[in-house]
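Let's take a look at the charged side chains in this one and see who pairs with whom. Have the model open while you read.

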Amino acid sequence: MKTWSRYNTLFHAERYGWFLHNTLSGMMLELDEPHRKIAESFRNGNPDSGADANAEFIALLEEHGFLAEPADEQLRLMRLRYQRNAACFSTGYVGLTICPTLACNFACPYCFEHSQRDATVMDNGTIEALVAFIKKHNEAKHLSVSWYGGEPTLAFSVIETLTEKFIETFPDYADAGIVTNGYLLDQQKIDRLNDLRITSVQITLDGSEQTHNKRRMLRNGGATYEQILHNIDLLMDSSWKGQCAVRVNVDKTNRHEYATLHKELLRRYKGRNLSVYPGHVNTFEGHAYDQQCGICNSDWSTFQFDGYRKDGITPRGGFFPGSGAHNSCIATSHQGYVVGPKGELYKCWEDVGKEAMVIGSVHEEPFLTSPELLTRYTIGTDPHSDSGCLECKVFPVCGGGCVNKRMRVQQFGEGGLDYCSPLKESLEQYLDLYMDIWHTNQICSAVLGKGSAPSMEKGYRMVQPEKKAEAAKNPLESLTSQE
């Protein structure tokens with residue numbers, strides 16, 4: 001008989017009883033008391049005598065990975081590693097985050113960038129060199145782009161020029177995104193978004209008007225909240241066909257304001273293609289804002305739990321932990337790059353403007369000037385080579401966390417950074433709240449005649465979200481939604 005999986009969590013939810021969850025298979029069972037005792041006996045290494053009379057239940061535990069051979073679990077992790085590597089080293093796609101300028105018209109105290117006063121704008125020579133650089137990836141059939149900065153709207157003409165060239169090279173070019181503070185997103189620019197194939201816009205508001213204007217002020221100290229909100233109004237009233245996400249940077253000083261802003265924005269733009277989500281403010285050790293703004297993982301979890309319990313706000317993606325085994329991003333992707341205004345190349349948004357983190361240049365031949373740094377990112381951050389990760393129960397849903405932070409901590413010895421998932425400390429609480437939502441949905445479905453909950457007649461039932469079949473997709477297509 002197979003043994004208790006290291007990826008199991010057997011826990012009791014005060015309102016709903018006993019549950020068994022497995023992070024590797026992504027399955028979750030609700031158990032009555034007799035079946036809880038059987039599961040607990042396996043966990044304790046002394047299978048209950050009643051297990052023999054529950055062959056169907058035992059077979060279910062084995063089928064869905066709650067009981068497993070360690071060698072089989074290791075093989076499953078190897079398969080996940082292969083899939084991750086296949087995505088990371090794919091040559092069918094090029095993913096670019098392009099900073100047409102690093103200049104910014106804001107002076108946010110928590111900003112991680114070091115070059116906001118660099119007024120350089122990408123010139124025609126660099127534009128041509130970038131296009132030539134892209135074409136050298138001759139196996140690539142698709143191009144994904146996110147416009148970043150600095151503040152990209154300060155160099156909007158560069159976005160227009162490059163987009164025209166991208167469409168010539170990749171006829172199916174589409175679904176670009178832009179991360180902007182929104183202050184300069186006027187009607188003229190909004191009217192160009194569809195033609196520029198920009199289908200996602202991220203704009204930041206940081207709480208009430210008073211709080212926002214203290215945190216996200218112009219360089220001359222001027223207020224920005226009213227102008228940004230006016231521009232969002234213009235965007236939502238326009239013929240633009242995309243999705244707007246309002247990010248609210250949350251820290252110790254403004255977390256109490258998030259729920260109010262969240263509700264106000266969703267009410268203001270009801271029926272529009274707009275979402276609101278909190279952003280976890282991260283700063284490096286020694287940053288002047290660090291002690292004031294830092295929220296640790298446990299505090300972040302508490303913030304999310306309170307948001308649901310007090311205000312009914314569910315995090316993006318919900319509370320049930322999805323698979324994080326692939327955990328690929330632009331930093332781990334062989335053909336993913338962050339491009340600066342002078343043509344310099346980086347592997348992560350957080351490296352922008354840091355000369356020591358440049359891996360190459362579109363002006364160089366060959367373009368790679370720091371193979372060591374590239375190797376650190378693509379190979380050195382692989383969590384499958386980290387024994388601590390492999391032994392962690394939440395690894396299959398965490399995927400090793402942020403690779404930039406992992407590299408800075410493990411390879412450069414930087415302190416004050418936590419790259420682990422909040423699930424490591426709070427998995428049971430996340431699952432508990434998932435079950436609250438699950439039960440609520442089952443009751444609503446029954447009342448509305450849309451179906452009934454799975455039966456507990458046997459003393460157990462599956463309660464994980466229904467898995468949806470996913471078509472093969474560009475591993476870099478979600479770049480614009482990265483936090």
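Is Lys136 buried, partly exposed or exposed? With a relative accessible area of 44%, Lys136 comes out as partly exposed. Bear in mind that this is a predicted model, so read the distances below as values computed from that model.

**A bridge between two loops**

Lys136 has a partner: Glu365, with which it forms a salt bridge whose closest N and O atoms are 2.5 Å apart. Lys136 sits in the loop between helix H4 (124-135) and strand E7 (142-147), while Glu365 sits in the loop between strand E14 (360-361) and helix H12 (371-378), so this pair ties together parts that are 229 residues apart in sequence. Glu365 counts as exposed, at 61% relative accessibility.

**A bridge within one helix**

Now move to helix H1 (residues 33-43), where Arg36 and Glu40 are four residues apart, which means about one helical turn separates them. Their side chains meet in a salt bridge, 2.5 Å from N to O. What about exposure? Arg36 is buried, with 11% relative accessibility, whereas Glu40 is partly exposed at 22%. Glu40 counts as partly exposed because buried means under 20% relative accessible area.

**A third pair, and a network**

Arg408 and Glu414 also pair up, their side chains meeting in a salt bridge at 2.9 Å, N to O. Here Arg408 is buried, at 7% relative accessibility, and Glu414 is partly exposed, at 26%. Back among the low-numbered residues, salt bridges with shared partners link Glu33, Arg36, Glu40 and Arg43 into one network.

Here are the three pairs side by side:

| Salt bridge | N to O distance |
|---|---|
| Arg36 and Glu40 | 2.5 Å |
| Lys136 and Glu365 | 2.5 Å |
| Arg408 and Glu414 | 2.9 Å |

How many salt bridges does the structure hold? The total is 22, including those in the table. As a general point, side chains of opposite charge can pair when their charged atoms come close.

**One more residue to click on**

While you're around helix H4, find Asn124, which belongs to that helix. Asn124 counts as exposed, with 61% relative accessibility. Measuring along the sequence, Asn124 and Val158 are 34 residues apart, yet their C-alpha atoms are 8.7 Å apart in space.

Methods:
Residues numbered from 1 in each chain as written. Predicted model: local features only at pLDDT ≥ 70, side-chain atom pairs only at ≥ 80, totals over all residues. Heavy atoms only, no water. Salt bridge = Lys/Arg side-chain N within 4 Å of Asp/Glu carboxyl O. Buried < 20%, exposed > 50% of the residue type's maximum accessible area, 1.4 Å probe, protein only.
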